[in-house]
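Please open the model in your viewer and keep the selection tool at hand. We will go from stop to stop, choosing a few residues each time and looking at what is there.

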Amino acid sequence: MRTLTRELKEAREQETATAEVLQVINSSPGDLAPVFQAMLGKATRLCGAGFGALWTYDGERFSIAATYAVPAALAEFVREPVPVAASASLVEIVRGQNLVHIADLATTELYRASNRVRRAYVDLGGARTLVNVALRKDNTLLGVFNIYRQEVRPFSDKEIALVQNFAAQAVIAIENARLLGELRQRTIDLTESLQHQTATSDVLKVISRSTFDLKPVLETVARTAARLCEAEMGFVSRRDGDVFRYVAAVGLTPEASAGAVRLQKYLDTHPVSGRSGRRTMTGRVVSERRALQIADITADAEYQFPEIFELSGARALLGVPLLRDGEPIGMMSLGRQRPEPFTERQIELVRTFADQAVIAIENRRLLTEQREALERQTATAEVLQVINSSPGNLAPVFDAILVKAHRLCGVAYGSLQVYDGERFSAVAVHNLPQQFADLLRRGFRGSDHPVGRVLLAGDRLVHISDCAEIDHPVMRSAVDLAGIRTALFVPLRRDETLLGLIVSARREVRPFSENEIALLEGFAAQAVIAIENARLLGELRERQAELRTTFDNMGDGVAMFDAAARLAAWNRNLQEMLDLPDAYLAERPGFAELFRYLVARGEFGSADLEAQLRSSLDDTRREMRYERTRPDGRVVEVRRNPVPDGGFVLIYADITERKRAEQAIRAARDAAETALRELQTAQDRLVQTQKLASLGQLTAGIAHEIKNPLNFVNNFSSLSVELIDELQKALVRVQVDDETSTEIAELADVLRDNLGRIVQHGKRADSIVKNMLLHAREGSGDHRPVDINALVEESLNLAYHGARAEKQGFNITLGRSFDPAVGQADVFPQEITRVLLNLISNGFDAVVRRSREVDRDDFEPMLAAATRNLGDCVEITIRDNGIGIPPDVKEKMFNPFFTTKPAGEGTGLGLSISHDIVVKQHAGSIEVDTCPGEFTEIRIVLPRVSASLT
């Protein structure tokens with residue numbers, strides 16, 4: 001019963017302690033010290049221990065977080081962080097154990113080894129029994145819970161469980177504190193973000209409201225950035241060449257505002273150079289192009305701009321560049337009147353405001369440029385409108401240019417002067433005093449004026465900052481009479497030729513900006529355009545007058561039609577040629593109306609008039625040309641040419657005389673061509689005759705020189721054969737041995753054979769000489785009409801009987817196909833007979849050669865002759881079924897001395913003679929159709945009356 005009562009009491013005490021600890025946790029959110037203190041107190045009392053400690057772990061060492069009843073001698077030692085390796089029990093906890101229970105620390109090896117930590121707890125704190133419980137969250141060691149007894153009495157399991165329970169609560173408290181800390185930090189971050197967004201929104205509103213006024217925008221940006229970054233002052237500077245000028249300076253307190261104003265006034269007269277380097281904040285930011293800060297300018301030895309501190313009291317500075325395309329166009333800076341660095345978060349915030357400042361500056365620049373461009377475009381359009389409404393009249397154009405240019409550039413006076421090659425004189429002035437305006441109208445020599453000399457030399461312009469410094473009568477008058485100080489002279493040029501100049505003047509010394517110069521140059525270009533337009537318009541009017549005169553005096557009739565095919569213009573010749581009345585032409589009829597009007601008067605005869613009308617109007621972008629004969633018999637050529645912008649031009653040309661001349665020329669040309677052909681034929685005949693005559697002379701010489709030796713060779717060869725026979729007979733009576741007799745007989749046979757060959761080749765040479773004489777001989781007899789069928793029949797019979805007499809056993813089937821309508825033809829009969837005999841003989845040779853190559857039972861030699869009436873010509877065909885002619889032979893068969901017959905059977909002159917007789921002598925043609933191994937057909941065409949025979 002006592003045990004149960006004791007256990008019940010212990011349980012109630014533990015519950016009470018746990019509840020009290022949880023109450024402490026709830027009442028101290030995020031504050032772990034009272035929570036750990038309560039836990040240690042409850043655990044130490046409930047476990048009957050002497051003292052306790054709670055350590056946190058950072059991954060390398062343990063640091064005390066809370067203690068309870070630690071002896072005073074040990075308290076100082078406990079405050080020091082303990083490395084893991086210094087305590088064996090902590091090493092075991094780090095290695096993964098969740099519980100370390102040591103019954104007697106004084107008996108451990110570490111104590112005997114004089115371990116510093118173990119000795120301190122035992123000797124200074126009287127600790128003997130120890131229980132360590134790890135504080136872990138998801139296997140991550142957060143710390144350790146230590147309970148010590150100052151006597152040797154191990155902790156029971158219930159006591160250890162109680163300590164473990166308090167350790168678990170400690171882990172919960174640590175995690176809650178972490179989460180609460182993150183929540184609080186997140187809340188702070190969100191609050192700051194909301195403030196930043198609100199500030200950004202406010203700045204953007206100011207930017208949107210202040211479209212062209214940049215100062216309030218930049219002051220708002222600087223003030224907002226200073227307020228959010230806990231700075232007393234904010235500044236914005238803009239780049240002006242190599243220096244930076246402050247355009248906004250604000251303070252959050254009256255004192256800071258006064259200091260900012262003093263500093264800005266000083267910097268207005270002492271701008272900071274962007275090349276000042278480390279001596280100023282501006283120099284540092286510009287050189288490095290990034291945000292930089294100085295925690296205390298009085299402690300920075302490199303900083304050498306003490307006026308900042310003296311005038312504004314600033315100690316800490318932050319500078320952020322305003323970058324556009326990577327180049328600094330200004331700087332935003334914040335100043336604190338206390339030496340305190342800016343945080344990264346604050347620096348990042350200032351970067352954001354710097355970007356907004358850049359946006360505001362760019363918006364202002366773009367809007368200004370857009371407004372100026374719009375004003376320039378409007379002025380340009382108005383000037384162009386004046387140019388269009390005043391063609392050729394330059395006075396209103398020049399006045400409009402001066403008014404617009406001077407209004408946009410904010411100048412008081414101006415003039416536009418023209419240059420005639422020697423003098424400048426004003427043709428338009430703006431707001432000039434009358435006396436000085438009259439002086440400019442009278443003009444001055446360009447080469448004597450300092451500005452004129454420069455512009456004549458080809459310079460782009462002349463910009464005088466102060467005319468009072470120029471010693472020249474005209475310039476002195478400008479200063480004295482008009483009060484002009486700054487002046488800009490922009491030349492008017494066309495193709496490097498100086499036409500004049502535009503002068504813009506101010507009564508104060510204030511040079512013109514690049515934009516103003518560009519604007520005035522644009523107006524100068526418009527003035528040049530106006531001058532050029534006036535010149536071109538004058539030339540155009542002169543040209544139109546010249547064209548009108550030329551148009552009316554053209555030899556042809558001309559009618560111009562617009563894109564709608566209506567008559568737009570015509571000349572006098574058209575009206576007279578077509579006999580068109582003035583009243584009708586004044587109505588400007590369409591092409592179709594004019595066409596039908598002319599049809600009604602009988603201009604187009606009885607052709608398909610509607611088709612002709614459609615053809616005339618079909619695709620007028622194409623050129624068209626046709627001829628027609630008018631009722632009076634005259635021939636008119638009509639040409640249609642397109643006009644580039646639409647419409648077309650009709651040109652009526654009377655070509656009657658040209659047609660007559662062309663007809664006469666064609667008749668003369670035909671007669672000349674006929675005479676030329678006859679002359680060429682006669683020339684060919686003459687050349688052929690001359691060639692034959694030359695060959696005849698050559699042949700006569702050959703006959704004279706060769707015939708007698710050849711006869712001698714032939715005769716003595718025959719005689720030598722007879723002598724050999726007599727010699728053999730004589731040798732019979734001579735007594736010789738058989739061997740000698742045989743040898744003599746053999747020699748006699750060889751001599752007889754050689755002499756036979758000599759006789760054969762001698763006859764061959766004699767035949768060649770005779771054929772050469774035949775080839776060179778002129779056509780014997782006169783040309784006369786001959787019955788072609790009878791001539792072919794006679795030639796066929798002569799060739800056949802000659803072949804049978806020459807060749808034993810010769811036989812061939814002859815075919816005849818004579819056209820009765822062939823009739824007569826005017827030829828040299830003997831020459832044509834020679835041709836036919838040659839061709840027929842060649843055909844006989846071809847069939848004989850084929851009969852030797854094939855079986856005679858399967859081959860029947862045939863040769864056919866045929867005639868045909870071709871009207872003005874007659875055709876003679878010789879066809880055989882012989883061996884045919886190979887292609888390579890066919891190409892050369894009519895060449896002189898070319899032959900395919902065996903040696904001794906042909907001279908190579910027959911076909912050459914035949915070709916010349918037919919083609920050159922009779923102006924005919926000879927063609928060959930052949931198939932090797934099957935047939936050859938030769939076709940001769942002769943004119944009935946040859947030009948060469950007339």
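Two strands count as paired if DSSP finds at least two bridges between them. Keep that in mind for the first stop, and remember throughout that this is a predicted model.

**Stop 1: an open sheet**

Begin with strand S16 (462–464) and strand S17 (residues 486–494). The two run antiparallel and are joined by 3 bridges. To see one partnership up close, pick isoleucine 464 and look across to S17, where its bridge partner is alanine 487.

Now widen the selection to the whole sheet. Its 6 strands follow the order S15-S14-S13-S18-S17-S16, with antiparallel pairing, and the sheet is open. Which strands form its edges? They are S15 (444–445) and S16, each of which pairs on one side only.

Add helix H13 (residues 394–409), which packs on this sheet and touches S13 (413–419), S14 (423–430) and S18 (497–506). The direction of H13 makes about 70° with that of S14. Then show helix H14 (residues 434–442), lying across S13, S14 and S15. H14 runs at about 140° to S14.

**Stop 2: aromatic rings**

How many aromatic pairs does the model hold? The count comes to 11. One of them is tyrosine 121 with tyrosine 148, a stacked pair with 5.0 Å from centre to centre and 25° between the planes. This pair links distant parts of the chain: tyrosine 121 belongs to helix H6 (residues 116–124) and tyrosine 148 to strand S6 (residues 140–149), 27 residues apart. Are these two tyrosines buried or exposed? Both tyrosine 121 and tyrosine 148 are buried.

For another pair, select tyrosine 266 and phenylalanine 305. Their ring centres are 6.4 Å apart and their planes meet at 45°, so this pair is tilted. Here too distant parts of the chain are linked, with tyrosine 266 in helix H9 (residues 254–269) and phenylalanine 305 in the loop between strand S10 (292–294) and helix H11 (307–312), 39 residues apart. Tyrosine 266 has a relative accessible area of 23%, which makes it partly exposed. Phenylalanine 305, at 12%, is buried.

Go back to the stacked tyrosines and add Phe51 and Phe77: together with Tyr121 and Tyr148 they form one aromatic cluster.

**Stop 3: three arginines**

Select arginine 119 and tyrosine 111. The arginine lies over the face of the tyrosine, 4.0 Å from the ring centre. Then jump to arginine 879, which lies over the face of phenylalanine 935, also at 4.0 Å from the ring centre.

The third one is arginine 149, placed in strand S6. Its relative accessibility is 0%, so arginine 149 counts as buried. Show its surroundings: leaving aside residues up to four places away in sequence, arginine 149 touches several residues, among them Cys47, Arg128, Phe155 and Glu159.

**Stop 4: a hairpin**

Finish with strand S29 (residues 925–931). Colour Ile926, Val928 and Thr930 to see its covered face, then Ser925, Glu927, Asp929 and Cys931 for the uncovered one. Next, bring in strand S30 (residues 935–943), which runs antiparallel to S29 and is joined to it by 7 bridges. Valine 928 on S29 stands opposite isoleucine 938 in S30. What do S29 and S30 form? They make a hairpin with 3 residues between them, and glycine 933 in the turn has a positive phi of about 85°.

Technical notes. Residues are numbered from 1 along each chain as its sequence is written. This is a predicted model: local features need pLDDT of at least 70, side-chain atom pairs count only at pLDDT 80 or more; totals for chains, interfaces and linings use all residues. Side-chain values use heavy atoms; hydrogens and water are left out. Buried means under 20% relative accessible area, exposed over 50%, partly exposed in between (1.4 Å probe, protein chains only). Helices (H or I, at least four residues) and strands (E, at least two) are DSSP runs, numbered from the N terminus. Rings of Phe, Tyr and Trp (its six-membered ring) pair if their centres lie within 6.5 Å; planes under 30 degrees apart count as stacked, over 60 as edge-to-face and the rest as tilted. A charge sits over a ring if NZ of Lys or CZ of Arg is within 6 Å of the ring centre and within 35 degrees of the ring normal. Contact means heavy atoms within 4.5 Å. Axes are lines fitted to C-alpha atoms, for helices over the stretch in contact, and angles run from 0 to 180 degrees between N-to-C directions.
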